[in-house]
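Work through the following exercises with the model in view, and try each task before reading its solution.

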Amino acid sequence: VTGEGLYSVVYANPPWQYDQNATDEGMVSDSKYPTMSTEYLCALQIDRITKPDAILFLWVPAPLIPDGLQVLNAWGFKYVTHAVWDKEVIGMGNTFKMQHEDLLVGRKGAYLTPQAEHRPASVIREKWGEYNGKPEVFMEYIERMYPTAVKVELFAMQHRAGWAVWNNQADTCKIGNIVNTGSANEVDTGSHNAA
């Protein structure tokens, strides 16, 4: 890992692997893009690239909240709260037709509390657009909440000014290999080239 202990803000939108037999929502994401199992995500050494006092924003689909909490803990964070993205579009689902996604928030060390005037509401309405793309408004909120923090986006679809990124979908990779171990049939989506 290059640049160990550099980041105090981590924003992650993992390529979650759904197990249709384990969830009643019947969602299948494997056909759209490469995915990672919960075990593989847990093995990523995120704790090695974060400062002792750090905060994590982790996107998790509602049926996978237990998996999200497992990943959050494996990465060295403790659950604090979460926000809800109301997509304003009704999607798939067997129990409820899903219209939202959860953004879990975890802390490591001393909780980084943003100034009161920069704390957004916990439910954010933004129409769902590009497949699996999250609205930029969430990153804008994080930038206002933590203006001087060193930030990294994991599983980035594109590069954003002021953020380091890690993923094969972004134009450049700014941090090194954070993969620990995984089975041979798992997908490693990182480009692993340090800039």
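**Exercise 1. Determine why strand 1 can be described as largely enclosed by the rest of the structure.**

Solution. Begin with the basis of the work: this is a predicted model, in which local features need pLDDT of at least 70 and side-chain atom pairs count only at pLDDT 80 or more, while totals for chains, interfaces and linings use all residues. Residues are numbered from 1 along each chain as its sequence is written, and side-chain values use heavy atoms, with hydrogens and water left out. Strands (E, at least two residues) and helices (H or I, at least four) are DSSP runs numbered from the N terminus, and buried means under 20% relative accessible area with a 1.4 Å probe, protein chains only. Six of the six residues of strand 1 are buried, and therefore the strand is largely enclosed by the rest of the structure.

**Exercise 2. Identify the strands that pair with strand 1, and follow the sheet outward to its edges.**

Solution. Two strands pair if DSSP finds at least two bridges between them. On one side, strand 1 pairs with strand 2 in the parallel sense over five bridges; here Tyr7 is partnered by Thr50 and Tyr11 by Phe57. Strand 1 is also joined to strand 6, again in parallel, by four bridges, with Val10 opposite Val152 and Ala12 opposite Leu154. Strand 6 in turn runs parallel to strand 7, to which four bridges join it, and Val152 has Ala164 as its bridge partner there. The whole is an open sheet of seven strands in the order 5-3-4-2-1-6-7, with mixed pairing. Strand 5 (123-125) and strand 7 stand at the edges with a single partner strand each, so one side of each is left without a neighbour in the sheet.

**Exercise 3. Establish which residues of strand 6 are buried on each of its two sides.**

Solution. Take one side, where Lys151 and Glu153 are buried, and then the other, where Val152 and Leu154 are buried, so that both faces of strand 6 are covered. In a regular strand the side chains alternate between the two faces of the sheet.

**Exercise 4. Locate the largest nonpolar core and the residues with the most contacts inside it.**

Solution. A nonpolar core is a set of buried Ala, Val, Leu, Ile, Met, Phe, Trp, Tyr and Cys residues joined through side-chain atoms within 4.5 Å. The largest has 27 residues, and those with the most contacts inside it are Ile46, Leu56, Leu58, Trp75, Leu154 and Phe155. Strand 2 gives the most to this core, with four residues.

Definitions and conventions: Buried < 20%, exposed > 50% of the residue type's maximum accessible area, 1.4 Å probe, protein only.
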